[in-house]
Amino acid sequence: MTSAVPFQYLMHLLTVPVLAGGIETTFIFDTGIGVSLISESLAAKVGCSPSGSTYTGRRMSGHPVTIPMGSLNALQLGNARSENVDIGIFDMTAMAGLDDVEGFISLSHFRSTPVTVDYRAGTIVIEDQQSLADRAGRGTCVAIDVRHDGRYSTDVYLGLDLPGGRTITVEVDTGSNTLILDETLAGHAGIDLHAATTRTATGTDETGHSFARYFATLFGEISLAAAPACRQASPDVMFQKIIHDGLVGDDFLRNFVTTYDLANSRMIFALPRPKA
């Protein structure tokens, strides 16, 4: 049986209503975060205490972040309910602009449950086998590389063609806005990082590490390597020294209806239906 849950944008992030330990609250649906997170304050309310285990993930910059893990008795989005959920307990007060958000739900929650983001309809749909087959029949199936890091974390990657024909491997990250590429790919994308038209920003991230970022607009199109019709013209891009080829985020994904079918190592891309 399917269920549709409305989402709201917070900046470029998708916020969704969830039941966490029986409490109605708001999480961010984030395909790039890897591990699901709960705020320290909500964890205290629902009795989700640190178990003694930790998880160490790496930011796109490569810097490690270690968080204590706990077990949440239940986490539910729509009719997708998991019990005894491994979840990171995180101090979210340091994350600016997320005052009403009490956690992140990652793809680790959907390892065996297909889920669709219908951007035009403003819904996240929990699929059943019949609705999944219907999605596959209407859309384009694209093979993805599903990477599980133990029982805690899940990320997905696919091939993306840059202007000029270079194929790279990018993480699918609803938590990012514009396309992000490793700075070594600037030349392949036709961008001079030191041109007057390229904007530069330097600073320090939330983990205290410094960064340099370069912002430009690509000339030409990016497209899915396995589905060239799924493309975007002249996307904005941010270059930074990162550990991936790149990350493709909301600016690209929102042009499609996207289904994550991790059990079959695929995503399904479809054009949104015209509004009535």
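A salt bridge is a side-chain nitrogen of Lys or Arg within 4 Å of a carboxyl oxygen of Asp or Glu. With that in hand, let us take a friendly walk through this structure, which is a predicted model.

## Salt bridges

By this rule, the model holds 8 salt bridges. Side chains of opposite charge can pair when their charged atoms come close. A good place to start is the pair formed by Arg-151 and Asp-86, whose side chains meet with N and O 2.8 Å apart. Which parts of the chain does this pair link? Arg-151 sits in the loop between β13 and β14, while Asp-86 belongs to strand β8 (residues 80–90), so the bridge joins distant parts of the chain, 65 residues apart.

Is Arg-151 buried or exposed? Arg-151 is exposed, because its relative accessible area is 54% and the cut-off for exposed is over 50%. Its partner Asp-86, at 22% relative accessibility, counts as partly exposed.

Here are three of the bridges side by side.

| Salt bridge | Closest N to O distance |
|---|---|
| Arg-151 and Asp-86 | 2.8 Å |
| Arg-147 and Asp-145 | 2.8 Å |
| Arg-266 and Asp-261 | 2.6 Å |

In the second row, both partners fall into the middle class: Arg-147 is partly exposed at 38% relative accessible area, and Asp-145 is partly exposed at 35%. In the third row, Asp-261 is buried, because its relative accessible area is 2% and buried means under 20%. Elsewhere, salt bridges with shared partners connect Asp-250, Asp-251 and Arg-254 into one network.

## The largest pocket

Now let us turn to open space. The largest pocket encloses about 1,700 Å³. Its lining is made of 48 residues, and those closest to the pocket's centre are Asp-30, Ile-33, Arg-59, Met-60 and Asp-173.

What kinds of residues make up the lining? There are 22 nonpolar, 15 polar and 11 charged residues.

Which strands supply at least two residues of this lining? They are β6 (50–58), β7 (64–77), β13 (145–149), β14 (153–161), β18 (210–217) and β21 (236–240). Among these, β6 provides the largest share, with 4 residues.

Two of these strands may sound familiar from the salt bridges. The loop that carries Arg-151 lies between β13 and β14, and β13 and β14 each supply at least two residues of the pocket lining. When you look at the structure above, try finding Arg-151 and Asp-86, the pair joined by a salt bridge, and then look for Asp-30 and Met-60, two of the residues closest to the centre of the largest pocket.

Key. Residues are numbered from 1 along each chain as its sequence is written. This is a predicted model: local features need pLDDT of at least 70, side-chain atom pairs count only at pLDDT 80 or more; totals for chains, interfaces and linings use all residues. Side-chain values use heavy atoms; hydrogens and water are left out. On a 1 Å grid over the protein atoms alone, a cavity is a set of points where a 1.4 Å probe fits but cannot get out, and a pocket is an open set with protein on both sides within 12 Å along at least five of seven lines; lining residues have an atom within 4 Å of a point. Grid points are joined across faces, edges and corners, and a volume is the space filled by probe spheres set on the points. Ala, Val, Leu, Ile, Met, Phe, Trp, Tyr, Cys and Pro count as nonpolar, Asp, Glu, Lys and Arg as charged, and the others, Gly among them, as polar. Buried means under 20% relative accessible area, exposed over 50%, partly exposed in between (1.4 Å probe, protein chains only).
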